[in-house]
Amino acid sequence: MEILLPNIVSSIASIDSFNQQVYAAIDKKYKNIKINASNLTFITPLGMVSLVLAIQNLNKFMDVHLDLNGCQNVSYLERLNFFKNLPPNILRDYHIEEFELRNRNDTSSILLEILPLKTEEDVECMTDSIFKIFTQNNLSKKIANNIMNITTELGTNILHHSEGNGYVTIQLYKTSNKIRIGIADDGVGIIQKFKTKANSSVAQHEILRKAFMVNESTRESSGGMGLNNMRINSFADSFKSTRLLLKTGNNIYDILSRDIHIFKTTSTYPGTYYDFCIEVA
């Protein structure tokens, strides 16, 4: 079995298409699988963490081989600590030592390398990195605080609600003044964490609307999941524009400042995937 990555993994729809193939392979109980990344030329932060989660989950059930021959993004993947978050023996016929041994430029002013979110200290490390990115680029503390509030809410949710593994990576694109945030987990998903159980996509949509538009969750006594506060911070006046897409349950959702729309109905698989694109100036 082989899964071919497209040359550009930038949209949440392309990430969803890849994840559908991953979980179909798990359901079919393949013994071996090759992920062919030879055509890969560009990948976003969410694409990066999604690929890590996918390979980790495939590795639980079958022998996985990541084929990087011909890939133009190996240096970038290594710089983001992509390979350090993979299970051993995934890269059988590709040697990345030349990339690991090179002298790295300090890129901490524009990106946060792939960070597992396993402890409160990891969440603190994430917020410290965000603060550094914004202060070193002379962006306002108000913008930095909004971004830190968003990521802290989501990072804390992964720790206390997801029941799975979570990762985050962040990059500032100076030429467009945009920051991309990819944060995802392979846990039970938002739908399952809320009180109401529903099967239809319409009912699930209403659960998500309540989660993001009203401060209600499965753990009200402990402050809930904070999704309403996260949405408010995502569309703060300090941002020029925000695009926020979410995959959970069997839908991809377009989270807006005052509403939530179903962007695309797709298949159901574990986890919650957030894709932020925020124009900061």
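In this predicted model, helix α1 is followed by Lys29, whose phi is positive, near 60°. The helix itself covers residues 12-27. Its 16 residues should span 22 Å at 1.5 Å a residue, and the end C-alpha atoms lie 22 Å apart, so the expected and modelled spans agree. Buried positions in α1 are Ile12, Ser14, Ile15, Asp16, Phe18, Asn19, Val22, Tyr23, Ala25 and Ile26.

Among these positions, Ser14 of helix α1 has a relative accessibility of 19%; because the limit for burial is under 20%, Ser14 counts as buried. The side chain of Ser14 reaches the backbone oxygen of Ser11 at 2.8 Å. When neighbours within four places in sequence are set aside, Ser14 is in contact with Ile8 and Val9. Between Ser14 and Gly47, the C-alpha to C-alpha distance is 8.7 Å, with 33 residues separating the two in sequence.

The chain as a whole contains 9 helices and 12 strands. Of its 281 residues, 56% are buried. The exposed area of the chain is about 12,600 Å², of which carbon and sulfur atoms supply 48%. Among contacts between residues at least 6 apart in sequence, 72% join residues at least 24 apart.

Nonpolar side chains tend to be buried together in soluble globular proteins. In the present model, the largest nonpolar core holds 46 residues, and the members that touch the most others are Ile55, Leu58, Leu66, Leu68 and Phe82. Two or more residues are given to this core by each of α1, β3 (32-36), α2 (45-59), β5 (63-67), α3 and β6 (111-116). Helix α2 provides the largest share, with 9 residues. A second core, separate from this one, comprises 41 residues and includes Ile130, Ala144, Ile207 and Ala211. Within the largest core, Leu68 is one of the residues touching the most other members. Apart from neighbours within four places in sequence, Leu68 is in contact with Ala37, Val74, Leu77, Phe83, Leu91 and Tyr94.

A search of the whole structure gives 8 salt bridges. One of them joins the side chains of Lys34 and Asp67, with an N to O distance of 3.8 Å. Lys34 belongs to strand β3 and Asp67 to strand β5, so this pair ties together parts that are 33 residues apart in sequence. The partners fall into separate accessibility classes: Lys34, at 26% relative accessibility, counts as partly exposed, whereas Asp67, at 10%, counts as buried. Lys34 and Asp67 are also linked with Glu2 in a network of salt bridges.

Another salt bridge is formed by the side chains of Arg79 and Glu113, at 2.3 Å from N to O. Arg79 is in helix α3 and Glu113 is in strand β6; the pair therefore ties together parts 34 residues apart in sequence. Arg79 is buried, having a relative accessible area of 13%, and Glu113 is partly exposed, with a value of 22%.

A salt bridge within one helix is found between Arg209 and Glu206. The closest N and O atoms of this pair are 3.7 Å apart. Both residues lie in helix α8 (residues 201-213), and because Arg209 and Glu206 are 3 residues apart there, about one helical turn separates them. Arg209 is partly exposed at 25% relative accessibility. Glu206 is likewise partly exposed, at 40%.

Asn85 is placed in the loop between α3 (74-79) and α4 (97-100). Its relative accessibility is 12%, and Asn85 therefore counts as buried. The side chain of Asn85 reaches the backbone oxygen of Asn81 at 2.8 Å. With neighbours within four places in sequence left aside, the contacts of Asn85 are Val52, Gln56, Ile114, Pro116 and Tyr167.

How values were computed:
Residues numbered from 1 in each chain as written. Predicted model: local features only at pLDDT ≥ 70, side-chain atom pairs only at ≥ 80, totals over all residues. Heavy atoms only, no water. Helix = DSSP H or I, 4+ residues; strand = E, 2+ residues; numbered from the N terminus. Buried < 20%, exposed > 50% of the residue type's maximum accessible area, 1.4 Å probe, protein only. Polar contact = N/O pair within 3.5 Å; in protein donor to acceptor, adjacent residues only side chain to side chain. Contact = heavy atoms within 4.5 Å. Core = buried A, V, L, I, M, F, W, Y, C linked by side-chain atoms within 4.5 Å. Areas by Shrake-Rupley, 256 points an atom, 1.4 Å probe, with all protein chains shown as cover. Expected span 1.5 Å × (residues − 1). Salt bridge = Lys/Arg side-chain N within 4 Å of Asp/Glu carboxyl O.
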